[in-house]
Amino acid sequence: MSARPNTEAAAQQAENTAPHRAGFACFVGRPNAGKSTLTNALVGQKVAITSNRPQTTRHTVRGIVHRDDAQLILVDTPGLHKPRTLLGERLNDVVRTTWAEVDVIGFCLPADQKLGPGDKYIVKELAGIKKTPKIAIITKTDLVESKALAEQLLAVSALADELGFEWAEIIPVSAVKEEQGAGRSPSGKGGGGRGAGQVGLLADLIAPLLPESPPLYPEGDLTDEPEMVMVAELIREAALEGVRDELPHSIAVVVEEMLPREDRPADKPLLDIHANVYIERPSQKGIIIGPKGQRLKDVGTKSRKHIEALLGTPVFLDLHVKVAKDWQRDPKQLRKLGF
């Protein structure tokens, strides 16, 4: 009589011999659809800045998710939008270039907002990309009841049917719920499950769609963004938080210098960071600095905590506010500020 196969052991062996996959995925959607928050939740650390104001993301930040079976490199793009400035046109070009180069595209649609013209415009463009798998991700599900979520799932499915293509997957997620404890399973694969944010499950769905490949980045790397760019973004996030009701997105940050403080003992290092916060008009300077400099001081305090967590060393942060007149419309200024 033949021995009964050990199905659990066979499954484990199949998993161990499955090819490793690695590749690039990007999240697209109209501005403020939750793309940066989703990137941070998947990586498990802040690598993309977040704000409740649209057009926060200006650089394509790569967040790297390490798993036993796959490595996901997440490209966080600006939101595709109708441009009003030269900066807006350049951001849209970045989005379209990114779409052409990734292995998987995730379309983000907030659960609490009706499918609008902006969403339809993006999905119509995605329909023209024939070979790349596309996943529909309903974000911010913690903000709605189950009935509204079901309606959104049906709406995004119907839109694909209307445009003649099929989503590889449709998944609802909540990065907020994930942060509150519904994270990954001990195996290193996604957790998910009923009541969870399902961010881990999203990683499970993306992984099989990536090409077979060894890891593209060393274990432990969370992003390939230069440290100076990351530091500038963290400062800009803090600056936006302080003036979100008073200033449009006319803030840019450039880190001029990052140097270890000389004559410090090895066990007490200090990194000196000198950065300039640029605004477009002299009248905005007082808003950023605040009464008796308090607002700028708050920006420095908030951003320094995140910078120290990112770099793993104590930081002295020196901030200055400068005017770069109408920089969003000036090609020379855009180049100077890194766009």
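This briefing walks through the fold, packing and confidence of one predicted model. The chain has 339 residues, of which 47% count as buried, and its secondary structure comes to 11 helices and nine strands. Contacts that reach far along the sequence are well represented: among those between residues at least 6 apart, 71% join residues at least 24 apart. The average pLDDT is 78, with 76% of the residues scoring at least 70.

**Where to be careful**

- Residues 1-5 stay under a pLDDT of 50, and the model gives them zero contacts beyond four places in sequence.
- Residues 53-58 also stay under 50, but for this stretch the model has 32 contacts beyond four places in sequence.
- Where pLDDT is low, the predicted coordinates should not be read in detail.

**The sheet of strands 7, 8 and 9**

- These three strands form an open sheet in the order 7-8-9, and the pairing is mixed.
- Strand 7 (252-260) and strand 9 (315-323) are the edge strands, each pairing on one side only.
- From one strand to the next, the twist averages 15°.
- Helix 10 (residues 294-311) packs on this sheet and touches strand 7, strand 8 and strand 9; the direction of helix 10 makes about 130° with that of strand 9.
- Strand 7 and strand 8 (residues 271-279) run antiparallel and are joined by eight bridges.
- If you would like to find this pairing in the viewer, valine 253 stands opposite valine 277 in strand 8, and leucine 259 stands opposite aspartate 272 in strand 8.
- On the other side, strand 8 and strand 9 run parallel, with nine bridges between them.
- Histidine 274 has aspartate 318 in strand 9 as its bridge partner.
- Strand 8 is largely enclosed by the rest of the structure, because eight of its nine residues are buried.

**Strands 4 and 5**

- Strand 4 (residues 104-110) runs parallel to strand 5, and six bridges join the two.
- Cysteine 108 stands opposite isoleucine 137 in strand 5.
- Strand 5 (residues 134-139) has six of its six residues buried, so the rest of the structure largely encloses it.
- In a regular strand the side chains alternate between the two faces of the sheet.
- In strand 5, Lys134, Ala136 and Ile138 point one way, while Ile135, Ile137 and Thr139 point the other way; all are buried.

**Helix 2 against helix 7**

- Two packed helices are described by the angle between their axes and the distance between the axes.
- For helix 2 (residues 35-43) and helix 7 (residues 199-206), the axes come within 9 Å and cross at roughly 85°.
- With that crossing angle, helix 2 is roughly perpendicular to helix 7.
- Leu38, Ala41 and Leu42 in helix 2 meet Val199, Leu202 and Ala203 in helix 7.
- The residues of this contact divide into six nonpolar, no polar and no charged.
- Helix 2 is mostly covered, with eight of its nine residues buried.
- The buried residues of helix 2 include the contact residues Leu38, Ala41 and Leu42, and among the others are Lys35, Ser36 and Asn40.
- Just after helix 2, glycine 44 takes a positive phi of about 90°.

**Two lysines with positive phi**

- Most residues other than glycine have a negative phi, and most peptide bonds are trans.
- Lysine 140 has a positive phi near 60° and lies in the loop between strand 5 and helix 5 (146-163).
- Is lysine 140 buried, partly exposed or exposed? Its relative accessible area is 21%, and lysine 140 therefore counts as partly exposed.
- Lysine 292 also has a positive phi, near 55°, and lies in the loop between helix 9 (285-289) and helix 10.
- Lysine 292 counts as exposed, because its relative accessibility is 91%.

Definitions and conventions:
Residues are numbered from 1 along each chain as its sequence is written. This is a predicted model: local features need pLDDT of at least 70, side-chain atom pairs count only at pLDDT 80 or more; totals for chains, interfaces and linings use all residues. Side-chain values use heavy atoms; hydrogens and water are left out. Two strands pair if DSSP finds at least two bridges between them. Helices (H or I, at least four residues) and strands (E, at least two) are DSSP runs, numbered from the N terminus. Axes are lines fitted to C-alpha atoms, for helices over the stretch in contact, and angles run from 0 to 180 degrees between N-to-C directions. Contact means heavy atoms within 4.5 Å. Angles under 35 degrees count as roughly parallel, over 145 as roughly antiparallel, 65 to 115 as roughly perpendicular and the rest as oblique. Ala, Val, Leu, Ile, Met, Phe, Trp, Tyr, Cys and Pro count as nonpolar, Asp, Glu, Lys and Arg as charged, and the others, Gly among them, as polar. pLDDT is the predictor's confidence in each residue, from 0 to 100. Buried means under 20% relative accessible area, exposed over 50%, partly exposed in between (1.4 Å probe, protein chains only).
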